[in-house]
Amino acid sequence: MSALISLSFGGAIGLMFLMLGCALPVYDKYWPLFVLFFYILSPIPYCISRRVVDDTDAASNACKELAVFLTTGIVVSAFGLPIVFARAQVIAWGACALVLTGNVVIFATILGFFVVFGSNDDFSWQQW
């Protein structure tokens, strides 16, 4: 129960940093909200590969490796987009720093979710 509460708190803190990077009167640009798509897309390849692949095989397989590759590309893109926006002077560098801080917290929360609820026990997200 405490893991679920701490994951919820982490997600709320990460979204707060993202909103501060967009809505503060100094910055007042909402372009960084496009990273929300990356937050939604990042766990999808891993979830699909967990459904398709049997975990009894000890060696790594191509499906899991492709899922890790796609997830890594999505996460790197989420960090790159605010930097490109700041470099092109679409957003301020302070807003970029807030969005990058939010990215770190959100992706740590997503990783924490899969670590806490990723095992094959009675309360697993795979049963949903």
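From the N terminus on, the elements of the protein chain run α-α-α-α-α. The model is predicted.

**Exercise 1.** Count the helices and strands, then state what share of the residues is buried.

*Solution.* Step 1: the protein chain holds five helices and zero strands. Step 2: of its 128 residues, 33% count as buried. Step 3: turn to the surface. The accessible surface is about 8,000 Å², and 73% of that belongs to carbon and sulfur atoms.

**Exercise 2.** Work out how helix 4 and helix 5 are oriented to each other.

*Solution.* Step 1: take the angle. The two helices, helix 4 and helix 5, pack at about 170°, and their axes lie 9 Å apart. Step 2: apply the cut-off. Angles over 145 degrees count as roughly antiparallel. Therefore helix 4 is roughly antiparallel to helix 5.

**Exercise 3.** Describe which residues make the contact of helix 4 with helix 5.

*Solution.* Step 1: list the helix 4 side. Val75, Ala78, Phe79, Pro82, Ile83, Ala86 and Arg87 take part. Step 2: list the helix 5 side. Here stand Trp93, Cys96, Val99, Leu100, Asn103, Val104 and Phe107. Step 3: sort them. The contact has 12 nonpolar residues, one polar and one charged.

**Exercise 4.** Place Asp28 and Gln89 in the chain and give the phi of each.

*Solution.* Step 1: recall the rule. Most residues other than glycine have a negative phi. Step 2: check Asp28. Its phi is positive, about 50°. Asp28 sits in the loop between helix 1 (2–23) and helix 2 (35–41). Step 3: check Gln89. Its phi is also positive, near 60°. Gln89 lies in the loop between helix 4 (62–87) and helix 5 (93–117). Step 4: look at accessibility. Gln89 has a relative accessible area of 71%, so Gln89 is exposed.

Notes. Residues numbered from 1 in each chain as written. Predicted model: local features only at pLDDT ≥ 70, side-chain atom pairs only at ≥ 80, totals over all residues. Heavy atoms only, no water. Helix = DSSP H or I, 4+ residues; strand = E, 2+ residues; numbered from the N terminus. Buried < 20%, exposed > 50% of the residue type's maximum accessible area, 1.4 Å probe, protein only. Axes fitted to C-alpha atoms, helices over the stretch in contact; angles between N-to-C directions. Parallel < 35°, antiparallel > 145°, perpendicular 65-115°, else oblique. Contact = heavy atoms within 4.5 Å. Nonpolar A, V, L, I, M, F, W, Y, C, P; charged D, E, K, R; others polar. Areas by Shrake-Rupley, 256 points an atom, 1.4 Å probe, with all protein chains shown as cover.
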